[in-house]
Amino acid sequence: GYHMRDAGCTAAQEIAFTFSNAISYIESVLNQGLTIDEFAPRISWIFNTHNNFIEEVAKYRALRRIWARLLKERFDSKLPESMMLRTHTQTGGSTLVAQQPENNIVRGSIQALAAVLGGVQSMALSCYDEALAIPTEKAQRIAVRTQQIIAFETGVAETVDPLAGSYYVEALTDDLETQAWRLIKQIDDMG
């Protein structure tokens with residue numbers, strides 16, 4: 001998912017294209033004789049977090065719902081572990097700018113906070129100077145400290161899905177889910 005988003009996909013396309021790719025992999029493994037619950041608990045993801053804060057929160061919520069439904073309804077999974085979305089995220093490399101690169105620290109912080117509020121299990125922040133060159137040690141340290149501040153000083157990691165119930169978050173989650181399912185169907189229909 002990360003690479004698709006950084007190449008220009010929308011959030012809904014990132015979901016649909018990534019999961020359509022997974023469907024192909026899963027069908028291939030099933031055709032080899034394994035059952036879904038023999039390997040699905042080991043499937044994990046890497047997605048990309050961009051600047052639209054609420055959309056990114058909603059994207060991770062939609063990803064979890066779609067993955068669970070896909071595994072249960074399409075592949076007849078029985079194990080809850082198979083239906084769990086295990087995901088890592090990297091903040092958006094394509095969102096970094098070379099001009100005034102220190103502003104990328106703010107971009108990465110906002111993206112990281114969106115990922116946490118969306119429920120990712122692990123993350124990495126793109127370093128503020130990556131638009132210029134391989135990150136410096138200073139930039140790497142700031143990226144790690146940003147994650148630590150979010151994790152240990154803000155309280156946002158103390159509850160699951162802290163924005164649940166927000167009208168806008170719920171509506172946007174539903175909308176992204178609908179768009180992604182439509183694209184998955186279109187890809188299925190294309191073979």
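Is Q140 buried, exposed or partly exposed? With a relative accessibility of 39%, Q140 counts as partly exposed, because that value falls between the 20% limit for buried residues and the 50% limit for exposed ones. The model under view is a predicted one, and the tour below begins at this residue.

**Stop 1: Q140 and its surroundings**

Select Q140, which sits in helix α7. Leaving aside residues up to four places away in sequence, Q140 touches C127 and P135. Next, add D129 to the selection. D129 lies 11 residues from Q140 along the chain, and the C-alpha atoms of the two are separated by 9.1 Å.

**Stop 2: a salt bridge along α7**

Remain on helix α7, which covers residues 137-153, and display the side chains of R141 and E137. These meet in a salt bridge, with an N to O distance of 3.2 Å. The two residues are four apart in the helix, so about one helical turn separates them. Colouring by accessibility shows R141 as partly exposed, at 41%, whereas E137 is exposed, with a relative accessible area of 59%.

**Stop 3: the cavity beside α6 and α7**

The structure holds one cavity of 30 Å³ or more. The largest cavity has a volume of about 50 Å³. To locate it, select its lining: N104, I105, G108, L125, S126, C127, Y128, A139, I142, A143 and T146. C127, one of these lining residues, is also among the contacts of Q140. Helices α6 (103-118) and α7 each supply at least two residues of the lining, and α7 gives the most, with four. By class, the lining of this cavity comprises seven nonpolar and four polar residues, with no charged residue.

**Stop 4: the network around R5**

Now move to R5 in helix α1 (residues 2-6) and show the side chains of E14 and E55 as well. R5 forms a salt bridge with E14, the closest N and O atoms being 3.2 Å apart. Both R5 and E14 are buried. A salt bridge also joins R5 to E55, where the closest N and O atoms are 3.8 Å apart. This second pair links distant parts of the chain: E55 belongs to helix α4 (residues 53-74), and the two positions lie 50 residues apart in numbering. R5 has a relative accessible area of 7%, which means that R5 is buried, since the limit for that class is 20%. Extend the selection to E56 and K59 to see the network of salt bridges that links R5, E14, E55, E56 and K59. A search of the whole structure finds 15 salt bridges.

**Stop 5: the largest pocket**

Which residues are closest to the centre of the largest pocket? Select N21, A22, Y25, I43 and W45, which hold that position among the 16 residues of the lining. The volume of this pocket is about 210 Å³. Helix α1, helix α2 (11-31) and strand β1 (45-49) each supply at least two residues of the lining. The most comes from α2, with six residues. The lining has 11 nonpolar and five polar residues, and no charged ones.

**Stop 6: the second largest pocket**

For the second largest pocket, with a volume of about 180 Å³, select R64, V116, G119, V120, Q121, V156, A157, T159, V160, D161 and P162. Its lining divides into six nonpolar, three polar and two charged residues.

**Stop 7: helices α4 and α8**

Display helix α4 as a ribbon. Its end C-alpha atoms are 31 Å apart, which agrees with the 32 Å that its 22 residues should span at 1.5 Å a residue. α4 is followed by D76, whose phi is positive, near 55 degrees.

Finally, select helix α8 (residues 167-190). From its first C-alpha to its last, this helix of 24 residues reaches 35 Å, close to the 34 Å expected at 1.5 Å a residue. Which residues of α8 are buried? They are V169, L172, T173, L176, E177, A180, L183 and I184. What covers these buried residues includes α2 and α4. The tour ends at G191, just after α8, which takes a positive phi of about 90 degrees.

Key:
Residues numbered from 1 in each chain as written. Predicted model: local features only at pLDDT ≥ 70, side-chain atom pairs only at ≥ 80, totals over all residues. Heavy atoms only, no water. Salt bridge = Lys/Arg side-chain N within 4 Å of Asp/Glu carboxyl O. Buried < 20%, exposed > 50% of the residue type's maximum accessible area, 1.4 Å probe, protein only. 1 Å grid on protein atoms, 1.4 Å probe; cavity = no way out; pocket = protein on both sides within 12 Å on 5 of 7 lines; lining within 4 Å. Points joined across faces, edges and corners; volume = space filled by probe spheres on them. Nonpolar A, V, L, I, M, F, W, Y, C, P; charged D, E, K, R; others polar. Expected span 1.5 Å × (residues − 1). Contact = heavy atoms within 4.5 Å.
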